[in-house]
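Trainee: I'm new to this one and would like a close look at a single part. Could you pick a sheet, walk me through it, and then show me how that part fits with the rest?

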Amino acid sequence: MVTIKIVIADYQGSMMPTHKLEQAVLQAGLPDAQVVVYEYHDEMKDEFYQIMADVDALLTGFIHVDAELLAHAAQLKVVSVNATGYDNVDLDAARVSGVGVACIGEYCTEDVAEFTLTQMLALVKNVQAYVQDVEERQNWNYAYAAPRPRLSELTLGIFGLGKIGLCVAQKARALGMRVLAYDPYTIQAEAARQSGVKLCATASEVLTKSDVITNHMNLNETNVDFFDAAKFGQMARQPYFLNMARGGCVVERDLVHALDSGQLKGAALDVLADEQPRLAGHPLLGRENVLVTPHAAFYSQTSLKKLQEISCQNIVHYLKGETDLVFKLVK
């Protein structure tokens, strides 16, 4: 008789291509568990609530776990978020319901850092503009785009100096860039100093002195809509702006205005304001100086394997009472 029920659920675009590894890890640790895979849609909440009625554990990346969902999941013991961020979970509601929340402390630091540098290089070297000119207009003209300085002549400003931010800083320093960083909560101060990174006391210093600005902050109540019209207005060097963290950190209409008005030279965005965006007619698409990718910075063979293993092991450990072995228990 099945005594444990685990649901793996998410939006279609956020589901793993296959769930064989997840199922194998879960059933190796909890042999009597039933594992259900469900493709979630906002318009089918009632059906999802029925499935959640007798569930012990939920594995998801982007479904909003709020008081309403928890009210329909009386047996739920733990939500395992298969991401480093957990802003989709109402921690207060989870606390009231006695539901544990675990996320993945680290699994894709190298991948996101590599992706950030890739996008930065593509922006500074005008790759998007050249590709569009060659493919759409069949022009062969190196002078089509304005020449830019070498990377070694540029200053990179990092917001959020956690594991990913520090890794980006170290790679940028290896390319000869000067690196500034702002993070009032960082525990990386000594590592930053050893890596030649200047930790700034204010956000304004980074905003005014950087040629490239990249966001790696975890989304929380202190930085929702952090990059707004006022922040873009402080970017004195008309920098390139990269967001590889969460769309909620950026006021999208203000970003569009900053691009249209020339406050920014360009932008690279791996996330948008909506995790499931409507792309038709989106004001950030179709621009020669903007790169938009589908939350793909984490994506590699190694990170996919670690992501699935750790998130599933978190469920196993939590349900077996081994909370000290959960990779990152946030509630």
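Mentor: Let's begin with one definition: two strands count as a pair if DSSP finds at least two bridges between them. Keep in mind, too, that what you're looking at is a predicted model.

Now to the sheet. Strand β1, residues 4-11, and strand β3, residues 57-60, run parallel and are joined by three bridges. If you want a spot to click on, take I6, which has A57 in β3 standing opposite. In general, strands of a sheet are held together by backbone hydrogen bonds, and the pairing can be parallel or antiparallel. Zoom out a little and β1 and β3 turn out to belong to an open sheet of six strands, ordered β2-β1-β3-β4-β5-β13, and its pairing is mixed. The edges are taken by β2 (33-40) and β13 (328-329); each has a single partner strand, so one side of each is left without a neighbour in the sheet.

Next, look for what lies on this sheet. Helix α12, residues 301-319, lies across β1, β3, β4 (78-81), β5 (100-103) and β13. Against β3, the helix runs at about 165 degrees.

How does that fit into the whole chain? The domain assignment splits the protein into domain 1, made of 5-107 plus 300-330, and domain 2, covering 109-292. Ten residues from domain 1 and seven residues from domain 2 make up the contact. Measure from centre to centre by C-alpha atoms and the two domains are 31 Å apart. Between them, about 810 Å² is buried, with carbon and sulfur atoms giving 46% of that area. On the domain 1 side, F62, D87 and E106 lose the most area to domain 2, and together they account for 51% of what that side buries. D87 is worth a second look: D87 forms a salt bridge with R246, with the closest N and O atoms 3.1 Å apart. The rule finds one salt bridge across this interface, while the structure holds 15 salt bridges.

The UniProt record gives another way to divide things up. An unreviewed entry there lists "domain: D-isomer specific 2-hydroxyacid dehydrogenase catalytic" at residues 23-323. That span is 37% helix and 16% strand, and its end C-alpha atoms lie 21 Å apart. The entry, again unreviewed, also places "domain: D-isomer specific 2-hydroxyacid dehydrogenase NAD-binding" at residues 118-297. Over those residues the chain is 32% helix and 16% strand, with end C-alpha atoms 10 Å apart.

For a companion to the sheet we began with, find the open sheet of seven strands, ordered β8-β7-β6-β9-β10-β11-β12, where the pairing is parallel. Its edges are β8 (197-199) and β12 (290-292), each with a single partner strand, so one side of each has no neighbour in the sheet. On average, neighbouring strands here are turned by 15 degrees against each other, direction ignored. Inside this sheet, β6 (155-159) and β7 (178-182) pair in the parallel sense over five bridges, and G157 stands opposite L180 in β7. A helix lies over this sheet as well: α7, residues 163-174, lies across β6, β7 and β8, running at about 175 degrees to β6.

Conventions:
Residues are numbered from 1 along each chain as its sequence is written. This is a predicted model: local features need pLDDT of at least 70, side-chain atom pairs count only at pLDDT 80 or more; totals for chains, interfaces and linings use all residues. Side-chain values use heavy atoms; hydrogens and water are left out. UniProt positions are given in the numbering used here, feature names are shortened, and annotations may be inferred rather than shown by experiment. Helices (H or I, at least four residues) and strands (E, at least two) are DSSP runs, numbered from the N terminus. Contact means heavy atoms within 4.5 Å. Axes are lines fitted to C-alpha atoms, for helices over the stretch in contact, and angles run from 0 to 180 degrees between N-to-C directions. Domain bounds come from an automatic or database domain assignment. Buried area is the accessible area (1.4 Å probe) that two parts lose on being put together, summed over both. A salt bridge is a side-chain nitrogen of Lys or Arg within 4 Å of a carboxyl oxygen of Asp or Glu.
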